[in-house]
Structures are given as structure tokens and as C-alpha cells.
Amino acid sequence: MVSYKRLLVAVDFSPAAETVARRAVDVAQAYQAELHWVHVVDYLMPLGLADDFTPTPALMVDEKELLEQGRQSLQRFLAKRDRAADPQSVLPGVPRQEIVHLARELCSDLIVIGSHGRHGLARLLGSTARTVLNDAPCDVLAVRVAD
Ligand code: AMP
């Protein structure tokens, strides 16, 4: 029988994140697995996509500051759920890529992700969940987010 031991949970702080976190904790308890939480700070993506775009000083962002805010948000999110001591990563980049990359690095055996997140419920599966399902090196639990 399959036994998951290393879960990677993707948190975007959308309303769906609560459902995703609860499901991840339930699965971890059922399998006595470790939980590793990840949040990706994806602010660079829009700038990276626009080749001829030169940011004005007002639009320039301090990467360190944004990563620090991300760390604090993740800490608060986990503290509210008594999971502050769990291992966690806050990374810059494109969420779908960083989640898959980190799962490989950590040898995760299950990625827990929301079927949808901040990008809404327009499609059956959000773009992050779809790409992670295609590219993941392990099983993926796409938690159905109520619509
Ligand atoms: P979306 O593609 O925005 O519909 O998001 C689907 C799911 O991908 C979310 O419920 C999260 O589990 C995960 N996700 C999206 N963006 C991020 C992010 N920036 N950091 C971590 N996980 C994310």
C-alpha cells in the first residue's frame, strides 16, 4: 500500500489556501508524514514577460523586502494553524516551476495544491495546478476548491 512520507504544500494565501492547508494536515496525520510548506513570490513574472518594458523607479521592487514579507506571511499563516515549526520555503519565481523544482529537490512524494487559487474559478483547473500535474516528479493532490 502506498504511504506518503514527505508532503509539499503550495500556499498562495488566497481563500483556497485554508482548504488546501486543512487537507494537507489531514493527509499528513493519516500517513504520519512530514509537511513542507512553500510560497512563491511571483512578482517578477509580469516584468519578465514584457521584453520592451523598462520599469520606472516607482515600479521597481525590492526583492529582499518582498521575500521577507512572504516569509512573515507564511509564518503567520502557519502559526494560526499550530504548524509554525514545520519546514517552509519562500522562493522567488514562477509558482508552477518552483513548486515542481522544490518537490524534486526535497524528494517529496506528494504535492498538495489547490485546484484554484488567486486566478479564480474560470477554468476546471487553475493554470498552476494543471502544469504541476503535468510536470511533477510525484503524485499530486489537487484539492477541489468550492465554487
Ligand atoms: P491558480 O493557478 O492561481 O488557480 O492556483 C492554484 C493553486 O496553486 C493554489 O491553490 C496554490 O495551491 C498554488 N499556488 C498558486 N500560486 C502560488 C504561489 N505563488 N505560491 C505557492 N502556491 C501557489
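This briefing describes the fold, the burial of selected residues and the side-chain pairings of one protein structure. The model is a predicted one, and the protein in it has 147 residues, of which buried residues make up 38%. It contains five helices and five strands, and these follow one another along the sequence in the pattern β-α-β-α-α-β-α-β-α-β.

**Overall make-up**

- Among the contacts in the protein with a separation of 6 or more, 76% are between residues that stand 24 or more positions apart.
- The protein exposes about 8,700 Å² of surface, and carbon and sulfur atoms supply 53% of that area.
- A search of the whole structure finds four salt bridges, while the aromatic pairs number three and the disulfides zero.

**Two residues and their surroundings: V40 and L106**

- V40 is found in strand β2, which covers residues 34-41, and this valine is buried, with a relative accessible area of 6%, a value that falls under 20% and therefore meets the cut-off for burial.
- Leaving aside residues up to four places away in sequence, V40 touches L91, P92, G93, V94, P95, E98 and I99.
- One of these partners, P95, is 55 residues from V40 along the chain, yet the C-alpha atoms of V40 and P95 are separated by 5.4 Å.
- L106 lies in helix α4, which is made up of residues 95-106, and at 29% relative accessibility L106 counts as partly exposed.
- When residues up to four places away in sequence are not counted, L106 touches R6, L8 and H36.
- The C-alpha atoms of L106 and L7 are separated by 9.4 Å, although L106 and L7 are 99 residues apart along the chain.

**Cysteines**

- The structure holds zero disulfides, and C107 accordingly is in no disulfide, with the nearest cysteine sulfur, that of C138, lying 9.8 Å away.
- Why does C138 form no bond with C107? The sulfur of C138 is 9.8 Å from the closest cysteine sulfur, the one in C107, and that is too far for a bond, because a disulfide needs the two sulfur atoms to be within 2.5 Å.
- The surroundings of the two cysteines can also be described: C107 counts as partly exposed at 47% relative accessibility, whereas C138 is buried, with a relative accessible area of 16%.

**Salt bridges**

- Side chains of opposite charge can pair when their charged atoms come close.
- The side chains of E18 and R22 meet in a salt bridge, with a distance of 3.2 Å from N to O.
- E18 and R22 are four residues apart in helix α1, which spans residues 16-31, so they are separated by about one helical turn; at 28% relative accessibility, E18 counts as partly exposed.
- R81 also has a place here, since E18, R22 and R81 are linked in a network of salt bridges.
- R71 forms a salt bridge with E68, and the closest N and O atoms of that pair are 3.1 Å apart.
- In helix α3, made up of residues 63-79, R71 and E68 are three residues apart, so about one helical turn separates them.
- Both members of this pair are reported as partly exposed, R71 at 39% relative accessibility and E68 at 31%.
- R83 forms a salt bridge with D86, with the closest N and O atoms 2.8 Å apart, and D86 is buried, with a relative accessible area of 15%.

**Aromatic rings**

- A pair of aromatic rings is described by the distance of the centres and the angle of the planes.
- The structure holds three aromatic pairs, and one of them is formed by W37 and F77, which are arranged edge-to-face at 6.5 Å centre to centre, with 65° between the planes.
- W37 lies in strand β2 and F77 in helix α3, so the pair ties together parts that are 40 residues apart in sequence.
- Both W37 and F77 are buried, and together with F13 they form one aromatic cluster.
- R81, which takes part in the salt-bridge network with E18 and R22, lies over the face of F77, at 3.7 Å from the ring centre.

Definitions and conventions. Residues are numbered from 1 along each chain as its sequence is written. This is a predicted model: local features need pLDDT of at least 70, side-chain atom pairs count only at pLDDT 80 or more; totals for chains, interfaces and linings use all residues. Side-chain values use heavy atoms; hydrogens and water are left out. Buried means under 20% relative accessible area, exposed over 50%, partly exposed in between (1.4 Å probe, protein chains only). Contact means heavy atoms within 4.5 Å. Accessible areas come from the Shrake-Rupley method with a 1.4 Å probe; for residues, only the protein chains shown count as cover. Rings of Phe, Tyr and Trp (its six-membered ring) pair if their centres lie within 6.5 Å; planes under 30 degrees apart count as stacked, over 60 as edge-to-face and the rest as tilted. A charge sits over a ring if NZ of Lys or CZ of Arg is within 6 Å of the ring centre and within 35 degrees of the ring normal.
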